[in-house]
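Here are a few notes to read alongside the coordinates, set out as numbered points. I hope they help you find your way around.

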Amino acid sequence: MAEEKAKAQKITTVKATKETVKPVAKVAPAEKKVVEATETKKSTLSIDMVDLDGKASGKLTLPVEIFGEAVNQQLLAQAVRVYRANKRQGNASTKTRGEVDGSTRKIYRQKGTGRARHGSLRAPIFVKGGIVFGPRPHDFGLEMPKKMRRKALLSALSAKFADGQIIVLSDITKLEPKTKQLVSVLANIKIAEEKRRMLFVTDTERDNVKRAASNLQGVTVSIATRLNAYDVLNTKQLVLTKDTVEAMKKAFIVKE
């Protein structure tokens with residue numbers, strides 16, 4: 001009888017647990033769309049634009065694919081190493097004992113002098129002799145896949161945006177090709193002369209910007225399609241234009 005009562009109690013407890021368990025509520029399609037919309041809103045990036053006088057001139061939406069990437073420190077270090085290695089000329093050269101000028105005769109007889117045996121004045125042990133295992137012309141170039149270079153550049157741009165080191169100008173067509181005016185523009189956008197190490201990125205070849213910055217120390221001008229990770233990381237301030245961002249979208253965003 002005791003066994004039958006225990007079995008009956010187990011059955012009742014199992015039924016009670018089944019009744020208390022509630023089915024998981026499914027998300028309606030409309031709710032899914034709302035969640036996706038909020039996620040896309042969070043993923044958008046915006047930055048304030050300024051004019052040549054340093055005054056605010058609206059906001060600009062930046063592409064997340066360029067300025068919102070996760071910063072890969074290891075890839076950036078590799079990109080910098082490859083860039084610096086490819087800049088090396090490798091022209092250092094020394095002469096071996098077969099290349100230096102000097103007589104080939106034996107300098108003194110083999111035996112009877114009490115000195116060590118020597119056969120040539122061009123031996124490395126003597127002054128003006130050859131160099132042993134000295135540097136020779138060498139190619140230090142390294143290769144990096146195109147996709148890795150692009151990923152490193154996007155990481156560098158994202159790091160600059162995260163650090164607040166990007167300034168966007170609304171328009172530079174009115175900038176005259178004069179150093180004096182560019183100096184005033186940099187003062188308006190609060191780039192101090194003593195801390196000036198900036199990269200001015202344009203959408204295409206802009207002669208007015210290039211000529212105005214040619215005499216300024218610490219100012220480098222480049223085109224959006226010629227950017228690399230090292231140039232971006234080697235600056236304290238990155239100055240872009242509205243047209244530059246559009247050129248970056250066309251150049252760097254891969255359409256699948």
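1. Let's begin in a loop. Lys-128 is found in the loop between α4 and α5. Please keep in mind throughout that this is a predicted model. The phi of Lys-128 is near 65 degrees, a positive value in a residue other than glycine. For context, most residues other than glycine have a negative phi. Is Lys-128 buried or exposed? With a relative accessible area of 75%, Lys-128 is exposed, because the cut-off for that class is over 50%.

2. A second lysine deserves the same look at its backbone. Lys-190 has a positive phi too, near 65 degrees, and is likewise a residue other than glycine. Its place is the loop between α6 (179-188) and β4. The relative accessible area of Lys-190 is 77%, so this residue is exposed.

3. Back to the loop between α4 and α5, where Thr-104 also lies. Thr-104 counts as exposed, at 59% relative accessibility. Which residues does Thr-104 contact, once its neighbours within four places in sequence are left aside? They are Gly-119 and Arg-122. In addition, 7.3 Å separates the C-alpha atoms of Thr-104 and Leu-121, two residues that are 17 apart along the chain.

4. Now the sheet. Six strands form an open sheet, with mixed pairing, in the order β2-β1-β3-β6-β4-β5. At the edges are β2 and β5 (219-223), each of which pairs on one side only. Direction ignored, neighbouring strands of this sheet are turned by 30 degrees against each other on average. Helix α9 (residues 242-252) packs on the sheet and touches β1, β2, β3 (166-169), β4 (198-202) and β6 (237-241). The direction of α9 makes about 90 degrees with that of β6.

5. The pairing of β1 is worth following strand by strand. Strand β1 (residues 45-50) runs antiparallel to strand β2 (residues 56-62), and five bridges join them. Leu-45 stands opposite Leu-62 in β2, Asp-48 has Lys-59 as its bridge partner, and Val-50 is partnered by Ala-56. These two strands form a hairpin with five residues between them. Gly-54 in the turn has a positive phi of about 85 degrees. How many bridges join β1 to β3? There are two, and these strands run parallel. In β3, Val-168 is the bridge partner of Met-49.

6. Next, the nonpolar interior. The largest nonpolar core has 31 residues, and those touching the most other members are Phe-67, Val-201, Leu-238, Leu-240 and Met-248. Helix α5 (residues 146-162) gives the most to this core, with five residues. Another core, of 19 residues, lies apart from the largest one and has Leu-182, Ile-189, Val-209 and Leu-216 among its members. As for Met-248, what does it touch beyond residues up to four places away in sequence? Its contacts are Ile-66, Phe-67, Val-201, Ala-224, Leu-227, Leu-240 and Ile-253.

7. On to the aromatic rings. The count of aromatic pairs comes to two. One of them joins Tyr-83 and Tyr-230: the ring centres are 4.6 Å apart and the planes are at 20 degrees, so the pair is stacked, the cut-off being under 30 degrees. Why does this pair tie together parts that are 147 residues apart in sequence? Because Tyr-83 lies in helix α4 (residues 73-87), whereas Tyr-230 lies in helix α8 (residues 229-233). Tyr-83 counts as partly exposed, at 25% relative accessibility.

8. Finally, two arginines are worth displaying together with their ring partners. The charged end of Arg-88 sits over the ring of Phe-140, at 3.6 Å from its centre. Arg-115 lies over the face of Tyr-108, 4.0 Å from the ring centre.

Note on methods:
Residues are numbered from 1 along each chain as its sequence is written. This is a predicted model: local features need pLDDT of at least 70, side-chain atom pairs count only at pLDDT 80 or more; totals for chains, interfaces and linings use all residues. Side-chain values use heavy atoms; hydrogens and water are left out. Two strands pair if DSSP finds at least two bridges between them. Helices (H or I, at least four residues) and strands (E, at least two) are DSSP runs, numbered from the N terminus. A nonpolar core is a set of buried Ala, Val, Leu, Ile, Met, Phe, Trp, Tyr and Cys residues joined through side-chain atoms within 4.5 Å. Buried means under 20% relative accessible area, exposed over 50%, partly exposed in between (1.4 Å probe, protein chains only). Contact means heavy atoms within 4.5 Å. Rings of Phe, Tyr and Trp (its six-membered ring) pair if their centres lie within 6.5 Å; planes under 30 degrees apart count as stacked, over 60 as edge-to-face and the rest as tilted. A charge sits over a ring if NZ of Lys or CZ of Arg is within 6 Å of the ring centre and within 35 degrees of the ring normal. Axes are lines fitted to C-alpha atoms, for helices over the stretch in contact, and angles run from 0 to 180 degrees between N-to-C directions.
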